[in-house]
Amino acid sequence: GGDAARPAHPYAGGTVEALVCECRPLRYCAQVLYVSITRVHGLIDERALAALRVGERRIRSVPAAFILDGQVVDSLKGTIVVLADAGYSDEDLIVWLFTADESLRGRPIDALREGRKTEIRRRAQTLAW
């Protein structure tokens, strides 16, 4: 498919990097998670993590907020899977997770970090319709 099916980005003219604030290279993620770089690639392939290419060198990086207390945020994988199934690219789903929503009192990623998985998963599922 073309770009027509892609959801519109809610931030006018901004970059995903600016929206996310902090992204960490995969090597850093491997160190923080105490796993190999190969395992970090596996986590991305399994949809447990999503990555962006950031900076002038387009280094594949993961939003820092996806990791909490040395582990991938518990409910992130299921949410990424639901969004990916709805046709969201990694970039699109990261934008969705990091865009503040008044009805949520914050950003979906913050709600997931607080353990509010059901609410976020339900919202993500409505995007597939």
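**A guided tour from helix 7 to the cysteines**

Begin by selecting Gln-125, which lies in helix 7, the run of residues 117–126. The model on display is a predicted one. With a relative accessible area of 40%, Gln-125 is partly exposed. Now add Asp-85 to the selection. Gln-125 and Asp-85 are separated by 40 residues in sequence, and their C-alpha atoms are 9.2 Å apart in space.

**Helix 4 against helix 5**

Next, select residues 76–85, which form helix 4, together with residues 90–98, which form helix 5. How are helix 4 and helix 5 oriented to each other? They pack at an angle of about 120 degrees, and their axes are 10 Å apart; the two helices are therefore oblique to each other. The crossing of helix 4 and helix 5 is right-handed.

To inspect the contact itself, display the side chains on both sides. Helix 4 contributes Leu-76, Thr-79, Ile-80, Leu-83 and Ala-84, and these meet Leu-93, Trp-96 and Leu-97 of helix 5. By class, the residues of this contact comprise seven nonpolar, one polar and no charged.

**Helix 3 and its surroundings**

Keep helix 5 visible and select helix 3, residues 37–45. Which residues of helix 3 are buried? They are Val-40, Gly-42, Leu-43 and Ile-44. To see what covers the buried residues of helix 3, display the neighbouring elements. Their cover includes two helices, helix 2 (26–33) and helix 5 (90–98), as well as two strands, strand 3 (59–63) and strand 5 (71–72).

Then move past the end of helix 3 to Arg-47. This residue follows the helix and has a positive phi, near 70 degrees.

**The cysteines**

Finally, select Cys-23 and Cys-29 and display their sulfur atoms. Cys-23 is buried, at 18% relative accessibility, and Cys-29 is also buried, with a relative accessible area of 1%. How many disulfides does the model contain? The count is zero. Why is Cys-23 not bonded to its closest cysteine sulfur? The closest cysteine sulfur to that of Cys-23 belongs to Cys-29 and is 9.0 Å away, which is too far for a bond, because a disulfide requires the two sulfur atoms to be within 2.5 Å. Seen from the other side, the closest cysteine sulfur to that of Cys-29 is in Cys-23, at 9.0 Å, again too far for a bond.

Terms used. Residues are numbered from 1 along each chain as its sequence is written. This is a predicted model: local features need pLDDT of at least 70, side-chain atom pairs count only at pLDDT 80 or more; totals for chains, interfaces and linings use all residues. Side-chain values use heavy atoms; hydrogens and water are left out. Buried means under 20% relative accessible area, exposed over 50%, partly exposed in between (1.4 Å probe, protein chains only). Helices (H or I, at least four residues) and strands (E, at least two) are DSSP runs, numbered from the N terminus. Contact means heavy atoms within 4.5 Å. Axes are lines fitted to C-alpha atoms, for helices over the stretch in contact, and angles run from 0 to 180 degrees between N-to-C directions. Angles under 35 degrees count as roughly parallel, over 145 as roughly antiparallel, 65 to 115 as roughly perpendicular and the rest as oblique. A crossing is left-handed if the near helix is turned anticlockwise from the far one by less than a right angle, and right-handed if clockwise. Ala, Val, Leu, Ile, Met, Phe, Trp, Tyr, Cys and Pro count as nonpolar, Asp, Glu, Lys and Arg as charged, and the others, Gly among them, as polar.
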